[in-house]
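Here are some notes for a colleague who is opening this structure for the first time. Please read them with the sequence and the structure side by side.

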Number of protein chains: 2
Amino acid sequence: MDKPPRQTKHDLFLNYKIWLSGLTGNGRISDTTFSLLAKIKELGSIKLAAQACDISYRKAWGDIEEAEKMLEYQLIDKQRGGKDGGHSQLTPACNKLLEAYDALHQKFDDSVEAAFEDFRKAMLQKPASK
Amino acid sequence: MDKPPRQTKHDLFLNYKIWLSGLTGNGRISDTTFSLLAKIKELGSIKLAAQACDISYRKAWGDIEEAEKMLEYQLIDKQRGGKDGGHSQLTPACNKLLEAYDALHQKFDDSVEAAFEDFRKAMLQKPASK
DNA sequence: TTTCGAGGTGTAAAAGTATGCATATCGTTA
DNA sequence: TAACGATATGCATACTTTTACACCTCGAAA
């Protein structure tokens with residue numbers, strides 16, 4: 001889930017995690033939730049997406065519920081029943097969100113890369129005097 | 001500890017957390033650990049710093065141990081005994097690390113600000129066609 | 001109208017993380 | 001040399017988060 005971290009001279013890596021939260025901070029949409037949504041888009045099923053993301057269906061469902069409650073709009077069109085049991089797909093609003101988040105994440109990666117590069121350079125300098 | 005998140009149109013906030021890890025990923029230096037180090041520098045005591053950071057001394061000590069084990073160098077000069085019981089101060093290497101980390105964090109904040117601004121704009125556009 | 005498999009839900013167990021507390025150690029200073 | 005208070009450490013408890021599992025719901029297609 002997390003991006004592979006970046007290395008310094010001393011086998012040091014930088015990691016980060018971002019997430020969205022609501023006004024009260026009680027709900028959250030994590031990186032893993034966005035990965036899940038992307039997989040649902042790809043596979044058309046919450047169950048398959050959860051497996052692909054290596055999380056339990058229970059958690060996947062809970063995360064989606066939490067996200068939808070927080071955003072106050074549907075992220076997923078869920079279809080129950082039928083010979084195949086059912087299937088799911090992202091709503092237009094969810095696609096928009098996912099698209100914006102992907103762009104956000106990409107910008108982040110680039111920024112992190114640059115910032116960590118500076119960090120590495122700084123760590124190669126002599127210690128601060130004070 | 002975490003920076004106050006930023007808001008979108010729909011009461012949506014962006015949060016993030018960064019941390020350093022070692023090669024194997026078993027150790028970590030979190031944001032809270034750096035805050036702790038900064039407080040130790042300011043207050044000259046692990047105990048006082050832990051109180052100021054609102055974490056238990058037990059956790060503070062464990063975090064420091066973990067960080068030093070990971071980096072394989074001392075972060076803190078610890079003085080035991082004496083009428084005052086003892087005191088602590090950061091090593092030069094720790095000061096360097098802290099300085100570099102602060103700069104890194106600042107760059108992060110700026111990047112987050114910019115990236116989230118773009119995110120907000122994207123969320124105001126019409127939904128993706130597909 | 002029966003069947004099938006994914007969606008949907010409660011709850012107990014497990015795993016991971018933090019706290020609280022007890023207790024030992026150290027060494028300077030009075 | 002006795003006392004003091006922060007460092008140091010183990011361990012039980014508590015809290016949080018995730019998993020495991022059981023079981024129900026739904027509705028198109030056979």
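1. A good place to begin is a contact with a base of the DNA: a polar atom in the side chain of Arg58(A) lies 3.0 Å from a base oxygen of DNA strand C. Please keep in mind throughout that this is a predicted model, and that the distances quoted in these points are computed from it.

2. Two further polar contacts with DNA strand C deserve a look, one to a base and one to the backbone of the strand. In the first, a polar backbone atom of Gly85(A) is found 3.2 Å from a base nitrogen of DNA strand C. In the second, a side-chain N or O atom of Ser56(B) is 3.3 Å from a phosphate oxygen of the strand.

3. How are the atoms of DNA strand C that lie within 4 Å of the protein divided between sugar or phosphate and bases? Sugar or phosphate accounts for 63% of these atoms, and the rest belong to bases.

4. On the protein side, 23 residues surround DNA strand C, and those that come nearest are Ile46(A), Trp61(A), Lys78(A), Arg80(B) and Gly82(B). Sorted by class, the surface near the strand holds 10 charged, 10 polar and three nonpolar residues.

5. Which elements supply at least two residues each to the surface near DNA strand C? In chain A they are helix 2 (46–53), helix 3 (57–71), strand 4 (76–80) and strand 5 (86–90), and in chain B helix 3 (57–71) does so as well.

6. For the fold of a single chain, chain A may be followed from its N terminus, where the order of elements is β-β-β-α-α-α-β-β-α, giving four helices and five strands. Of the contacts in chain A with a separation of 6 or more, 50% join residues that are 24 or more positions apart.

7. Chain A has 130 residues, of which 42% are buried. The chain exposes about 7,300 Å², and carbon and sulfur atoms supply 50% of that area.

8. The two protein chains can be compared by superposition: chain B is brought onto chain A by a rotation of 179° with a shift of 0.1 Å along the axis, at an RMSD of 0.1 Å. That is the relation of a two-fold axis. Lys17(B) is the residue of chain B that comes closest to this rotation axis, with its C-alpha at 2.7 Å.

9. Finally, the copies meet through the same surface, because 100% of the interface residues of chain B are interface residues in chain A too.

Conventions:
Residues numbered from 1 in each chain as written. Chains lettered and ligands numbered in written order. Predicted model: local features only at pLDDT ≥ 70, side-chain atom pairs only at ≥ 80, totals over all residues. Heavy atoms only, no water. Least-squares fit on C-alpha atoms with pLDDT ≥ 70 in both. Contact = heavy atoms within 4.5 Å. Near = heavy atom within 4 Å. Polar contact = N/O pair within 3.5 Å; in protein donor to acceptor, adjacent residues only side chain to side chain. Nonpolar A, V, L, I, M, F, W, Y, C, P; charged D, E, K, R; others polar. Buried < 20%, exposed > 50% of the residue type's maximum accessible area, 1.4 Å probe, protein only. Areas by Shrake-Rupley, 256 points an atom, 1.4 Å probe, with all protein chains shown as cover.
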